[in-house]
Amino acid sequence: MSIVRKAALWAAVSTSVLLAPHALLAETISGAMAKAYGNNPDLNAARAGLRATDEGVPIAKSGYRPQISAAATGTLTRVDQERTGTRDFHDGQVGISITQTIFDGFQTLNNVRAAQSDVFSGRETLKANEIQILLAAAQSYANIARDQQIVAIRRQNLAFLREQLNAAQARLDVGEGTRTDVSQADAELANAQSLLVTAIAQLKQSEAVYVQIVGDAPTGIRQPRPATKAMPRSLDQAVATGLRENPQILAAQYNVDSAGFQVKSAEGTMLPGVVLQGSVTRNTGNSGTAGLDDTTASVTARLEVPIYQGGAEYGQIRQAKEVLGQQRILVDSARASVQQTVVSAHAQLESALARITASRSQISAANLALEGVIEERKVGQRTTLDVLDSQQDVLDAQEALAAAQRDAVVASYALLAAMGKLTVRDQGLQVAEYRPEQHYEAVKDKWFGLRTVDGR
């Protein structure tokens with residue numbers, strides 16, 4: 001049976017253990033992920049980082065554009081002569097210069113391509129961050145659901161043990177029981193109270209993590225079902241999808257492209273360069289021989305042929321090639337990591353679904369055994385210790401079911417995350433999807449401007 005069918009069958013028969021239904025305002029696991037997508041500060045910081053990466057493209061394109069500068073100078077000279085007295089001479093100069101690179105060994109071209117590859121890699125890295133935040137939100141939701149069930153289970157266990165203590169005391173009062181039975185029940189009750197306090201503390205910790213990730217307090221958390229959207233039909237399909245769509249692999253591939261362009265850019269420093277420069281200068285003053293104002297204009301073309309630059313250019317080229325080799329190796333590393341994560345998540349999901357079935361059977365059998373032990377104690381064939389041990393078996397089975405339900409949910413979303421399918425679009429989350437290309441299109445060809453796209 002496929003994982004999707006198993007998950008659907010489990011979801012059809014699964015009910016929240018010992019928890020009453022909540023109101024319509026109850027939070028869903030999809031709602032929690034949607035809130036985290038919009039509210040999580042780490043995710044918003046990653047988006048800001050990508051917008052900064054976008055600016056690398058217009059910075060690289062500046063190599064295509066002219067550089068314009070203006071300069072103004074003024075000089076005042078006072079000459080004190082005995083015969084003619086004091087005279088003031090002034091000179092002024094105003095000029096503008098325009099420098100345009102005609103050819104730079106394709107350095108600018110490759111720098112632009114490298115910057116574009118960095119943007120594409122940054123988008124995939126952002127997508128990976130979004131997936132991890134959505135997975136963390138789903139995990140924190142499932143943790144609260146599990147902890148709520150365990151608190152409810154331990155509260156019922158506490159009530160059961162109080163009844164056993166009262167019953168043991170009543171039998172002692174009428175001479176049918178022993179002080180040992182009362183002490184055993186009392187000790188087990190104290191232990192149950194300690195376990196309940198621990199469970200409540202764990203629930204509070206899980207709620208705190210939820211607020212940190214989702215940005216809102218949990219309300220009406222209910223037992224979620226394992227994911228069903230975009231789930232694979234087989235392990236082979238899951239691995240193939242992960243190797244094709246996981247953003248960590250795609251980001252690594254774009255990093256290879258960027259490193260390749262950086263090698264070409266470094267090699268461009270060995271090629272000739274052509275620069276065209278034009279200038280216009282206005283001179284004024286009365287200190288010249290003629291004392292007339294004049295305007296000069298010039299155009300200069302300069303060919304630069306690098307011959308030897310101390311060896312730095314060779315080291316930079318070799319360095320860039322080593323970086324390219326490193327990035328290629330990192331692609332292989334990313335593929336191996338994704339494959340391992342997919343297989344691990346798939347195995348954990350299958351294990352959790354099997355544990356759910358086993359735990360349900362264990363609960364049923366443990367409850368029947370507990371009922372039998374209680375009846376046998378009434379006729380003197382069992383002791384209070386036997387009842388307490390049998391109740392512990394029920395408690396363990398119920399808590400194992402709660403843990404297995406949580407693990408099934410987390411493993412299903414972890415599998416989607418490893419496949420690159422835990423996204424707003426693939427999961428149909430009710431939240432506006434962040435589109436990084438909008439900022440990129442707005443800034444990629446900007447020539448000037450100090451304000452960011454959002455007006456800062």
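Visitor: How many residues lie between β1 and β2 in their hairpin?
Guide: Good place to start, and please keep in mind that this is a predicted model. Strands β1 and β2 run antiparallel and are joined by 15 bridges. In that pairing, Q81 stands opposite G85 of β2. The two strands form a hairpin, and the number of residues between them is three.

Visitor: In what order do the four strands of the open sheet come?
Guide: Let's walk across the sheet. β1 and β2 are joined by 15 bridges, β2 and β3 by 12 bridges, and β3 and β4 by 11 bridges. The pairing is antiparallel, and the order is β1-β2-β3-β4.

Visitor: Which are the edge strands of that sheet?
Guide: An edge strand here pairs on one side only. From one strand to the next, the twist averages 15°. The two edge strands are β1 (67-81) and β4 (294-304).

Visitor: Which residue in β3 does V94 stand opposite?
Guide: Look at the antiparallel pairing of β2 and β3, which has 12 bridges. β2 covers residues 85-103, and β3 covers residues 273-285. The β3 residue opposite V94 is R282.

Visitor: And which residue in β4 stands opposite L276?
Guide: Here we move to the pairing of β3 with β4, antiparallel over 11 bridges. β4 is an edge strand and spans 294-304. Opposite L276 stands A301.

Visitor: How far apart are the end C-alpha atoms of helix α5?
Guide: Helix α5 runs over residues 107-173, which is 67 residues. At 1.5 Å a residue it should span 99 Å, so we have an expectation to hold against the model. The two values agree, with the end C-alpha atoms 96 Å apart.

Visitor: Which residue following α5 has a positive phi?
Guide: Step past the end of the helix, which covers residues 107-173. The residue there has a phi near 85°. That residue is G175.

Visitor: Is helix α10 mostly covered or mostly exposed, and how many of its 36 residues are buried?
Guide: Helix α10 takes in residues 384-419, and its end C-alpha atoms are 52 Å apart, in agreement with the expected 52 Å. Just after α10, G420 takes a positive phi of about 80°. The helix itself is mostly covered, and the number of its residues that are buried is 27.

Visitor: Which residue forms a salt bridge with R154?
Guide: R154 lies in helix α5 and its partner in helix α10, so the pair ties together parts that are 245 residues apart in sequence. Both residues are buried. Their side chains meet at 2.6 Å, N to O, and the partner is E399.

Visitor: How many residues apart are K61 and D445?
Guide: The side chains of these two meet in a salt bridge of 2.6 Å, N to O. K61 counts as buried because its relative accessibility is 14%, while D445 is partly exposed at 42%. K61 is in helix α4 and D445 in the segment after α12, so to speak of distant parts of the chain is fair: the separation is 384 residues.

Visitor: Which residue does E376 meet in a salt bridge?
Guide: E376 counts as partly exposed, at 28% relative accessibility. Its partner is partly exposed too, with a relative accessible area of 34%. The side chains meet at 2.9 Å, N to O, and the partner is R382.

Visitor: Is I307 buried or exposed?
Guide: I307 is found in the loop between β4 and α9. It is one of the residues making a nonpolar surface patch of about 660 Å², along with M270, L303, V305, Y308 and Y314. Its relative accessibility is 74%, and the cut-off is over 50%, so I307 counts as exposed.

Visitor: How far apart in space are Q262 and G372?
Guide: Q262 has its place in helix α8, residues 247-268. Q262 is partly exposed, with a relative accessible area of 36%. Q262 and G372 are 110 residues apart in sequence, and their C-alpha to C-alpha distance is 77 Å.

Notes. Residues are numbered from 1 along each chain as its sequence is written. This is a predicted model: local features need pLDDT of at least 70, side-chain atom pairs count only at pLDDT 80 or more; totals for chains, interfaces and linings use all residues. Side-chain values use heavy atoms; hydrogens and water are left out. The expected span of a helix is 1.5 Å times one less than its number of residues. Buried means under 20% relative accessible area, exposed over 50%, partly exposed in between (1.4 Å probe, protein chains only). Two strands pair if DSSP finds at least two bridges between them. Axes are lines fitted to C-alpha atoms, for helices over the stretch in contact, and angles run from 0 to 180 degrees between N-to-C directions. Patches are made of residues with over 30% relative accessible area and no salt bridge: like charges are joined within 9 Å, nonpolar side chains (Val, Leu, Ile, Met, Phe, Trp, Tyr) within 5 Å. Accessible areas come from the Shrake-Rupley method with a 1.4 Å probe; for residues, only the protein chains shown count as cover. A salt bridge is a side-chain nitrogen of Lys or Arg within 4 Å of a carboxyl oxygen of Asp or Glu.
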